[in-house]
Each structure stands twice: as structure tokens, then as C-alpha cells.
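The exercises below are meant to be worked through with the sequence and the 3D view open. Try each task before reading the solution that follows.

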Amino acid sequence: MFTVQYFRSGGGVVHPLMRRYVLGEVMKSEELSLIERKMGIALPKSYKQALLYYPEALVGTEAEDFHFLTDAGEIISENLEVRVSGYFGEKWPEDYFIIGHNGFGDYYVISHTSTEFSVGFADHNKMECKLFADSLDEFVEKLLNEFEVE
């Protein structure tokens with residue numbers, strides 16, 4: 001059984017301004033609209049803002065290809081795959097939306113029904129999803145720390 005225990009609900013959209021962001025060079029609003037159309041969902045404003053104003057510290061890192069995906073086609077493909085085929089034999093939770101992966105079958109996910117930017121880590125070995133980061137800043141910080149360790 002795939003356990004769910006991390007998403008916060010309610011509250012306002014938090015878009016931290018203490019870091020530098022890259023406007024429009026990583027993902028365009030048309031690509032976000034394509035994702036929403038293909039997936040049949042409305043993406044949270046906080047997630048769309050995070051892609052439209054992508055954290056500059058992550059540009060050019062492996063985050064764009066794995067942890068915090070920036071390719072609309074790959075985002076659609078990853079999400080459709082688990083919705084159609086399941087996740088290691090389990091049904092994928094309807095409100096989970098994959099924003100990245102670690103390359104080993106684990107996903108970074110958000111709740112597409114949440115208004116806040118918090119990220120869960122769906123671990124295929126434990127078949128559970130736990131809170132990974134409470135905010136975009138914390139997510140970026142944790143990713144940067146992981147890159148330093150690798």
C-alpha cells in the first residue's frame with residue numbers, strides 16, 4: 001500500500017523573493033498550459049510561478065533533468081505513465097503531480113490541489129510519500145546540498 005502523509009492544505013501562495021530567478025528562459029506559460037491540457041488538471045499557481053521564475057541557482061544543474069523538471073514533454077510523460085500503469089503495482093494518488101525524480105524510481109511530487117508549494121518524496125522502496133520540503137526555498141536548498149554531496 002502506498003501511504004500518503006505529507007501535504008499541507010490551505011494557506012496562501014508563497015513565492016520567496018530572497019533568491020534570484022530566471023524569467024521565461026526555462027519554461028513558457030504556453031508549455032504550462034499544454035501540461036494542464038494534457039493532464040486535465042489545473043496546476044497550482046505556486047508551481048507555475050516556480051517554473052516561470054525558475055531558481056537561478058538550479059539553472060544548468062542536473063535539477064533541470066531530474067529533480068525539478070523543466071521539460072514539458074517529460075513532465076507530461078512521467079505523470080501519464082504512473083496514472084496509466086500505476087506505481088510499482090499500486091494505484092497512483094489522484095492529487096499527486098510529479099515535478100521531478102531521482103533516477104532510481106522515486107519521485108518529487110506536489111499536490112496539484114494545494115495552494116502552497118510543498119514537495120513530497122515518493123519512495124518506491126518504502127511505498128510511502130513523506131514531506132521533503134515546506135517551501136520552494138527549502139526545496140532548492142536541499143537540492144543544492146545534495147549536489148554538493150554527490
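**Exercise 1. A residue in a loop**

Is M127 buried or exposed, judged by its relative accessible area?

*Solution.* Bear in mind from the start that this is a predicted model. Begin by finding the residue: M127 sits in the loop between β6 (119–123) and β7 (128–133). Its relative accessible area is 13%, and because buried means under 20%, M127 is buried. Then turn to the backbone, where the phi of M127 is near 50°, a positive value in a residue other than glycine. As background, most residues other than glycine have a negative phi.

**Exercise 2. A second positive phi**

Where in the chain does F88 lie, and what is the sign of its phi?

*Solution.* Locate F88 first, in the loop between α3 and β4 (96–101). The phi of F88 is positive, at about 50°, although the residue is not a glycine.

**Exercise 3. The chain as a whole**

Describe the order of helices and strands along the chain, and then state what percentage of its residues count as buried.

*Solution.* Start with the inventory, which comes to four helices and seven strands. Following the sequence from its beginning, these elements appear in the order β-β-α-α-β-α-β-β-β-β-α. Next consider burial: the chain has 150 residues, and 49% of them count as buried. Finally look at the contacts between residues at least 6 apart in sequence, of which 59% join residues at least 24 apart.

**Exercise 4. Helix α1 and helix α3**

How are α1 and α3 oriented relative to each other, and which residues make their contact?

*Solution.* The axes of helix α1 (residues 29–39) and helix α3 (residues 72–85) come within 10 Å and cross at roughly 15°. Since angles under 35 degrees count as roughly parallel, α1 and α3 are roughly parallel to each other. Their crossing is right-handed. From α1 the contact draws on E31, L34, I35, K38 and M39, while α3 supplies A72, I75, I76, N79, L80 and R83. Sorted by class, the residues of this contact between α1 and α3 are seven nonpolar, one polar and three charged.

**Exercise 5. Helix α1 and helix α2**

Work through the pair α1 and α2, giving the orientation, the handedness and the residues in contact.

*Solution.* The axes of α1 and helix α2 (residues 45–52) come within 10 Å, and they cross at roughly 140°. That angle is not over 145, the cut-off for roughly antiparallel, and it also lies outside 65 to 115, the range for roughly perpendicular; therefore α1 and α2 are oblique to each other. The crossing in which α1 passes α2 is right-handed. The residues that meet here are S29, L32 and E36 of α1 with K48, L51 and L52 of α2. By class, the contact of α1 with α2 has three nonpolar, one polar and two charged residues.

**Exercise 6. Salt bridges and their surroundings**

How many salt bridges are counted in the model? Examine three pairs, E94 with K91, E128 with K130 and K142 with E138, and decide how accessible each partner is.

*Solution.* The count comes to four salt bridges. In one of them, the side chains of E94 and K91 meet at 3.0 Å, N to O, and both E94 and K91 are exposed.

Another salt bridge joins the side chains of E128 and K130 at 3.5 Å, N to O. Here E128 counts as buried because its relative accessibility is 17%, whereas K130, at 42%, counts as partly exposed.

The side chains of K142 and E138 also form a salt bridge, at 3.5 Å, N to O. These two residues, K142 and E138, are separated by about one helical turn, because they lie four residues apart in helix α4 (residues 136–149). K142 is partly exposed at 31% relative accessibility, and E138 is partly exposed with a relative accessible area of 29%.

**Exercise 7. From helix α3 to W92**

What distance separates the C-alpha atoms of E81 and W92?

*Solution.* First place E81, which lies in helix α3 and is partly exposed, with a relative accessible area of 46%. Then go 11 residues along the chain between E81 and W92, whose C-alpha atoms are separated by 9.8 Å.

Definitions and conventions: Residues are numbered from 1 along each chain as its sequence is written. This is a predicted model: local features need pLDDT of at least 70, side-chain atom pairs count only at pLDDT 80 or more; totals for chains, interfaces and linings use all residues. Side-chain values use heavy atoms; hydrogens and water are left out. Buried means under 20% relative accessible area, exposed over 50%, partly exposed in between (1.4 Å probe, protein chains only). Axes are lines fitted to C-alpha atoms, for helices over the stretch in contact, and angles run from 0 to 180 degrees between N-to-C directions. A crossing is left-handed if the near helix is turned anticlockwise from the far one by less than a right angle, and right-handed if clockwise. Contact means heavy atoms within 4.5 Å. Ala, Val, Leu, Ile, Met, Phe, Trp, Tyr, Cys and Pro count as nonpolar, Asp, Glu, Lys and Arg as charged, and the others, Gly among them, as polar.
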